[in-house]
Amino acid sequence: VNLKDTEKRGVVESLKNVLGGQYVSDEDFLVQVYSDDMTTAEPHPPDIVVMPSKVEEIQKIVRIANARDVPLIPFVNGSNVAGLTIPRRGGILLDLKRMDKIVEINQDCSYAVIEPGVTFGQLKVALDKHSLRNSIIYGPRNNSVLADYLSAGSGDLMTKYGNHAELITGLEVVLPTGEVVKTGSCVLSPYWFSLFPLPNLAGLFVGWLGTTGVVTKMGIKVVPLPKYRDVYDLAFDNIDDIVYPLTRIGRAEIAEIVVNSHWGIIAAKKERDKRAKVSKPPDLPETYFEVIVGGHSKEEVDYKRKIIEEIVEDSKRKGCGVSLVEIPEMEKKHHMDTPSAAPGMYTDHRGAGLEWVGSVMPISRWPSAYKRCEKIMEDYGFTPILDLEAEDNFHCGLFRAIIPFNKADPDEIAKTKELMKEVLEITLSEGGVIYKPPDWVADILRSRGDPGFFRLMKRLKELLDPKGIMNPGRWGF
Amino acid sequence: MNEEYDTIGKFKDVLHKCLRCGFCKTLPKEGDFRRICPPGVWGGFESYYSSGKPRIALGLLDGKIKWSEGLVDSIYSCTSCAACKELCIYDYSGCCLQVNDALKVEAVEHGFIPDNLKKALKNTYTLGNPWGGSKSKREDWTKDLGIKKAGETRSELTYFAGCTVAYDPRNQEVARSFVAIMKKAGIRFSFLGSEEKCCGNEILKIGERGLYETLANENLATFEKHGIRKLATTCPHSYNVFLNEPPYKGRIEVQHHTQLIADSIDSGNLKLLKNIRKSATYHDPCFLGRYNEVYDAPRKILASILGLDVIEMPRNRNYSYCCGGGGGRIWMHEHPSESPRIIRVREAKEINPDIIVTSCPFCLMNLKDGIETIGEDTHIKVMDIAELVQMAL
């Protein structure tokens, strides 16, 4: 599916006319580096990699691709854990790392405007100076903030403010035909404070996995950096006991994030044999839930602790097996420190491969999904690792079965793929909705979901990207 | 031969372990999340970063990649600064630097060496140094110093100047300062003069294993001939190779001048009496810092200088930003706007010291050049720590 040599030479020449020679390459060693990621997705190289630094350059590149029906794949760090930047049909990969400006930090309206190459680490340093913060992934510091928010990622303020996609306040997009459009308050105003009250056209790009345009600027909500933070650990021996106390914490609206630490990841990290399947150690609870709170005074944080203590006591009276565990001060810092060492902390014990089916589902379905996924993972010979994070004051919750695998073992890759299918079926049957779906998952979702929705997606795609050049393969396009 | 300097085939089973998370690209919070990989900064594409190298190695092993000028440029863009090794916290950390080195070994074995490096290698082969200086001029820096060669005097310590110190006029001043310090501290020492040959550290980092072994064996034979058991050096590259790389490793004792000066201050043999009313920041050389964890000795020296106001750059110690001189890059051209030497000087300007102090001949050359290239009205000077100590004597 890659370009023919003669065709490629012409495209390369046109791209060099836009960017100069330094930031255009079709050399085999260079395209090879962009051909894979940490998942089971089949590697495939792009034909050409370019590194634009300006919106105008992207417009010109898009027009070149459009004129010649060449696929375009937006890329920053390639660590989306879903194979979403693997160029399934070759084409031009847009490495957007050079577009790394923080365009604006607006303290009055509490938002930041960023380019695609801005990393979580970079933004954190900049916001710190203004005593502000954004929701930060439990993942590498080098990941793109824009790519994560655009694909509905999760982070350390998710319980308080919701999914990252809900924190977007505006977009600037180069359409697949080369026009630049904006959506949000920035359409009419110099300020990027909200996606409303105009019609919210961000829905044409958020969650579309780069299939409808290249987002070149994004406004995101930022919030005051609390002067005080603390983390409390709730230990559960039985997963069925989690719903009552956690839901009460959610309704108290006191947590920045509520996220679990499954016994599987704790035990796997301690296991010396990195290839071993680990069983649950008897001294570990089934799972911990960390509750992180922030406040502008010590009294506020102490008061939130008091509420949590009361909820724990009340839950015990109701028969829930929950206890509040004291965390050493040194460990607290580790819990609250984002961006974090994930995903390596998962992959390291198995062999640098990582896959998950990430979903959002009702909190009430967590225990059932948890038990079923734990069992199926053990049946397949994997140490179960289950990640649960509450969203938007417990309106719903992220649920994912994390599967580290050995990338050098074809049998294990095949087994991982089979396990993923089983996990997907469990997740869907529990009412889960998949975010950042890998291509094979997207195919299943299209066959199961509301046909009207997917027909509309198709019509919108055809309208925005008539030649189908944007990130082919994603969402079945 | 050091087994770490092998071809990429040795790493076949671990190359997949780099998950390209990007931890090797930027520092953690303690380093303000700043970018840290010099070739990544100037080259931009993923192939320039350490995380690109295992994918290149796999492609070469699988036959998906063919040798080309661009590939060689990408491989030799690595300054061997070891920041990637420092920052990788996963299973691949144990071999990321070795894979980068192995790609250079592979390039040499396939006859793909950048032209400037070919010249440095040829000079080393014919003249014993990469700079192309004649053998007879190797000891010019000792003129009028009244110091004696190994063989002319019995001493426990021999100063191994190294090629850059021996031939670069600016670095010759450093050698003379160090000699003055040793005399003041009452240290009896000899030097090797024209018998000294390239230590081979950079030759090894370029990937020329055969030439490295020849140089190392010839130097060891010279040490043997004069009964030399202990060396002092003002070059972290020499310090590293003597300390860590076979066949030197375990056969010769070595001290870097920062360690020797710090010891002399500690023992009371060296007294720094003059007040130096300046501000200074210390630039950690990669081969002294990240490779050998010598961070405290130079800082101890600076803290001993009366009146000196020592301030740290944002990136310091194990998070120091490379000057761009290692891995053979000292003999190669750099991207002008993203040159590591300029980036480092600009970082120093953020804290605006009077002096950037370092303890490596490559860093001294590069940072001096960085200041001159910026060409702004900067008052900042670059000095080796020995020069500053001499001023304080």
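Biologist: Where in chain B is B:Asp32 found, and what makes its phi stand out?

Modeller: B:Asp32 sits in the segment before α1 of chain B. This is a predicted model, and in it B:Asp32 has a positive phi of about 60° without being a glycine. Most residues other than glycine have a negative phi.

Biologist: How do you know whether the peptide bond from B:Pro246 to B:Pro247 is cis or trans?

Modeller: Look at omega: it is near 5° for B:Pro246 to B:Pro247, and the bond is cis. B:Pro247 belongs to the loop between α11 and β4 of chain B. Chain A has a cis bond too, joining A:Thr338 and A:Pro339 with omega about -5°. There, A:Pro339 lies in the loop between α10 (329-336) and α11 of chain A.

Biologist: Now the contact between the chains. Why do B:Glu46 and A:Lys97 count as a salt bridge?

Modeller: The N to O distance between the side chains of B:Glu46 and A:Lys97 is 2.3 Å. The cut-off is 4 Å between a Lys or Arg nitrogen and a carboxyl oxygen of Asp or Glu, so the pair qualifies. This pair crosses between chains, from the loop between α1 (38-43) and α2 (53-62) of chain B to the loop between β4 (92-95) and β5 (102-106) of chain A.

Biologist: What makes A:Asp36 and B:Arg55 a salt bridge?

Modeller: Their closest N and O atoms are 3.0 Å apart, and the limit is 4 Å, so the rule accepts this pair as well. The rule finds three salt bridges across the interface of chain A and chain B, and 58 over all chains.

Biologist: How many residues take part in the contact, and from which chains?

Modeller: Chain A gives 49 residues and chain B gives 37. About 3,300 Å² is buried between them, with carbon and sulfur atoms giving 57%. In chain A, the residues that lose the most area to chain B are A:Phe29, A:Val33 and A:Arg141, together 23% of what that side buries. There are also 16 residue pairs in polar contact between the chains, both residues at pLDDT 80 or more.

Biologist: Which element gives the largest share of the side of chain A that touches chain B?

Modeller: That is α2(A), with five residues. By class, that side has 21 nonpolar, 15 polar and 13 charged residues.

Biologist: Over to the sheets. What makes β2 (189-191) and β4 (253-256) of chain B edge strands?

Modeller: Each pairs on one side only. The open sheet has the order β2-β1-β3-β4 (chain B), with parallel pairing, and its twist averages 30° from one strand to the next.

Biologist: How do you know that β3 and β4 of chain B pair?

Modeller: Pairing needs at least two bridges, and four join β3 (residues 230-233) to β4(B), so these strands pair. In β4(B), B:His256 is the bridge partner of B:Thr233. Helix α11 (residues 236-244) of chain B packs on this sheet, touching β1, β3 and β4, and its direction makes about 155° with that of β4(B).

Biologist: Why do β6 (309-310) and β8 (381-384) of chain B stand at the edges?

Modeller: Each has a single partner strand, so one side of each is left without a neighbour in the sheet. The order there is β6-β5-β7-β8 (chain B), with parallel pairing. Inside it, three bridges join β5 (residues 279-282) to β7 (residues 355-358) of chain B, and B:Ala280 stands opposite B:Ile355.

How values were computed: Residues are numbered from 1 along each chain as its sequence is written. Chains are lettered from A and ligands numbered from 1 in the order in which they are written. This is a predicted model: local features need pLDDT of at least 70, side-chain atom pairs count only at pLDDT 80 or more; totals for chains, interfaces and linings use all residues. Side-chain values use heavy atoms; hydrogens and water are left out. Contact means heavy atoms within 4.5 Å. Buried area is the accessible area (1.4 Å probe) that two parts lose on being put together, summed over both. A polar contact is a pair of N or O atoms within 3.5 Å; within protein, one must be able to donate a hydrogen and the other to accept it, and residues adjacent in sequence count only if both atoms are side-chain atoms. Ala, Val, Leu, Ile, Met, Phe, Trp, Tyr, Cys and Pro count as nonpolar, Asp, Glu, Lys and Arg as charged, and the others, Gly among them, as polar. Axes are lines fitted to C-alpha atoms, for helices over the stretch in contact, and angles run from 0 to 180 degrees between N-to-C directions.
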